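Work through the following exercises with the coordinates open beside you, and try each task before reading its solution.

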Amino acid sequence: MTKKVGLTTLGCRVNQYESDYFAERFKAAGFEIVGLEPGCDIYLVNTCTVTAESDRKCRQAIRRAAALAGDERKKGRRCIAAAAGCYVQGALRPTLEAMKGIDFFCGNAGKASLPDRLMSMLESGKAEGYAVSPISSVRGYEETGISESEHVRAYVKIEDGCDSFCSYCYVPFVRGRVRSRPEADTLAEVGRLAANGYKEIVLTGIEVGAYGVDSGEKNSLCRIAEKISKISGVERIRFGSLNPSLITREFVSSLVLNDKIMPHFHLSVQSGSSRVLESMRRGYDKARILEAFALIRSFYTNAAISADIICGFPGETDGDFHDTYEVCEKGQLLNAHIFPYSPRRNTAAAAMDGQIPAEIKKARCDELAALHSETRKRFVNSQTGENARMLIEKLSEGKSFGHTENYIYVSLPRQNRDTVGEIREFIFDPDYVINPAIK
């Protein structure tokens with residue numbers, strides 16, 4: 001019988017990319033990849049720790065993996081259960097070791113060898129327990145290249161780590177400092193993916209805009225995007241979340257020369273209040289955010305803008321929230337990822353005065369979500385009658401599903417020639433749009 005790996009992933013696109021790497025390594029060894037379900041030989045949870053809710057979901061998934069592995073062992077089968085990634089890197093060792101039934105904990109160092117280690121444990125029947133190195137000891141980029149993806153668009157990781165140390169963010173403590181991937185490795189990976197039929201490449205990382213800063217290079221992101229655009233088969237390039245301070249006239253004017261760059265930009269705005277942004281240590285203010293919006297739309301006439309927003313940061317007043325509301329309204333956001341502030345261990349914000357009650361945070365999130373519904377409708381309606389191109393991501397029940405160049409998710413009546421992974425042209429109509437659940 002074919003052996004199985006029960007793999008589940010929580011968190012960001014970087015985690016999804018790393019899980020694609022795990023899956024590819026296991027498949028090469030003859031394993032089938034499934035979710036957390038009975039009958040697996042290896043269970044692996046790839047974890048996240050960006051919020052307290054992320055931690056809760058990770059613990060839940062780890063307990064599920066441990067229980068499933070325990071059930072297999074009761075049947076007399078050899079089975080390995082493991083957890084890896086950001087939650088594991090940041091959790092206290094006693095917390096992890098109290099989670100009975102997990103054979104191996106791996107942090108964010110050594111992920112490249114993780115599949116081989118787990119397969120070796122399965123074969124030998126000997127668990128290795130705990131392998132979480134201090135993230136401060138990590139030097140250089142750890143290569144985890146892929147040739148295929150679980151997604152129709154292929155995520156390509158180009159850097160790891162973050163040097164910003166925003167006052168609310170725990171990520172630098174579990175991912176370490178910025179480490180850019182060697183350009184040759186990135187281009188080789190994109191070449192493999194394009195040869196395997198992937199037309200859309202999403203450049204991702206913990207802080208994508210920091211790509212190249214560890215070597216002192218400027219405009220590295222534009223340069224790598226330009227080189228990727230020349231690889232045969234690549235038709236679309238997107239970026240992960242970008243810091244608004246990266247959006248300068250020089251940056252956008254360089255990007256617009258590359259017609260493979262898609263007109264959708266996701267910005268890690270976080271707040272619209274200059275006072276709160278300073279307390280967050282974000283390095284920009286309200287005026288700079290609005291300038292970034294204006295620059296994007298001055299170069300890309302049909303550009304969509306999305307943003308991450310935190311509500312209820314310590315000390316956030318009604319006036320501060322009003323500034324955030326105003327920024328979101330002026331941005332005419334297509335998508336908004338809205339989160340209540342969550343205190344994280346060892347961060348400066350967790351010890352700040354003026355912690356906001358949960359009910360106020362929820363009310364502010366709800367108010368922004370209602371605004372987001374309106375701005376989304378306005379932007380979608382503004383595209384009526386425009387020529388559009390959709391990457392087909394799914395075929396189901398006589399329909400074709402996918403995202404337009406400016407990242408609107410649509411459903412069209414299926415045509416005979418429609419194929420997953422191909423690009424279809426159409427005239428945009430708001431009736432084609434699928435509205436996702438608003439967070």
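**Exercise 1. Helix α1 and the residue that follows it**

Determine what sign phi takes in G30, just after α1, and describe the helix that precedes this residue.

Solution. In this predicted model, G30 takes a positive phi of about 95° just after α1. Stepping back to the helix itself, α1 covers residues 13-28, which is 16 residues, and its first and last C-alpha atoms are 23 Å apart, close to the 22 Å expected at 1.5 Å a residue. The next step is burial: the buried residues of α1 include V14, N15, Y17, E18, S19 and D20, and the list goes on with Y21, F22, A23, E24 and F26.

**Exercise 2. The surroundings of N46**

Establish whether N46 is buried or exposed, and find which polar atoms its side chain meets.

Solution. Begin with the location, which is strand β3, residues 42-47. The relative accessibility of N46 is 0%, and because buried means under 20%, N46 counts as buried. Two polar partners can then be identified: a polar atom of the N46 side chain lies 3.2 Å from the backbone oxygen of N15, while the side chains of N46 and S19 are joined by a polar contact of 3.0 Å. Both N15 and S19 are among the buried residues of α1. Finally, when residues up to four places away in sequence are not counted, N46 touches T8, T9, L10, N15, E18, S19, F22, A84, G85 and K111.

**Exercise 3. Helix α12 and its buried face**

Explain how the buried residues of α12 are arranged around its axis, and list the elements against which they pack.

Solution. The geometry comes first: α12 runs over residues 318-331, has 14 residues, and reaches 20 Å from its first C-alpha to its last, close to the 20 Å expected at 1.5 Å a residue. Its buried residues are D320, F321, T324, V327, C328 and G331. Viewed down the axis of α12, these buried residues fall within an arc of 115°, so they line one face of the helix. The spacing can be read against a general rule: an α-helix has 3.6 residues a turn, so residues three or four places apart point the same way. The buried residues of α12 pack against β11 (264-270), α10 (274-280), α11 (286-299), β12 (304-311) and α13 (358-382).

As a further step, consider E329, which is found in α12 and, at 34% relative accessibility, counts as partly exposed. E329 and L371 are 42 residues apart in sequence, yet their C-alpha atoms are 7.1 Å apart in space; with residues up to four places away left out, E329 touches L371, T375 and R378. The helix is followed by Q332, which takes a positive phi of about 45° just after α12.

**Exercise 4. Two open sheets**

For each sheet, work out in what order the strands stand and which strands are at the edges.

Solution. One open sheet has three strands in the order β11-β12-β13, with parallel pairing. Its edge strands are β11 and β13 (335-340), each of which pairs on one side only, and the twist averages 15° from one strand to the next. Within this sheet, β11 and β12 pair over five bridges in the parallel sense, and Q270 stands opposite I309 in β12. Helix α13 packs on the sheet, where it touches β12 and β13, and its direction makes about 180° with that of β13.

The other open sheet has four strands in the order β16-β15-β14-β17, with antiparallel pairing. β16 (409-413) and β17 (423-427) stand at the edges with a single partner strand each, so one side of each is left without a neighbour in the sheet. Here the twist averages 45° from one strand to the next. Five bridges join β15 to the antiparallel β16, and V410 in β16 is the bridge partner of G402.

**Exercise 5. Positive phi outside glycine**

Compare where Q270 and E397 are placed, and state whether each is buried or exposed.

Solution. As background, most residues other than glycine have a negative phi. Q270 nevertheless has a positive phi near 75°; Q270 is found in strand β11 and is buried, with a relative accessible area of 9%. E397, also not a glycine, has a positive phi of about 50°, but its place is in the loop between β14 (387-396) and β15 (399-404), and at 79% relative accessibility E397 counts as exposed.

Technical notes:
Residues numbered from 1 in each chain as written. Predicted model: local features only at pLDDT ≥ 70, side-chain atom pairs only at ≥ 80, totals over all residues. Heavy atoms only, no water. Expected span 1.5 Å × (residues − 1). Buried < 20%, exposed > 50% of the residue type's maximum accessible area, 1.4 Å probe, protein only. Arc of directions from axis to C-beta. Contact = heavy atoms within 4.5 Å. Pairing = 2+ DSSP bridges. Axes fitted to C-alpha atoms, helices over the stretch in contact; angles between N-to-C directions. Polar contact = N/O pair within 3.5 Å; in protein donor to acceptor, adjacent residues only side chain to side chain.
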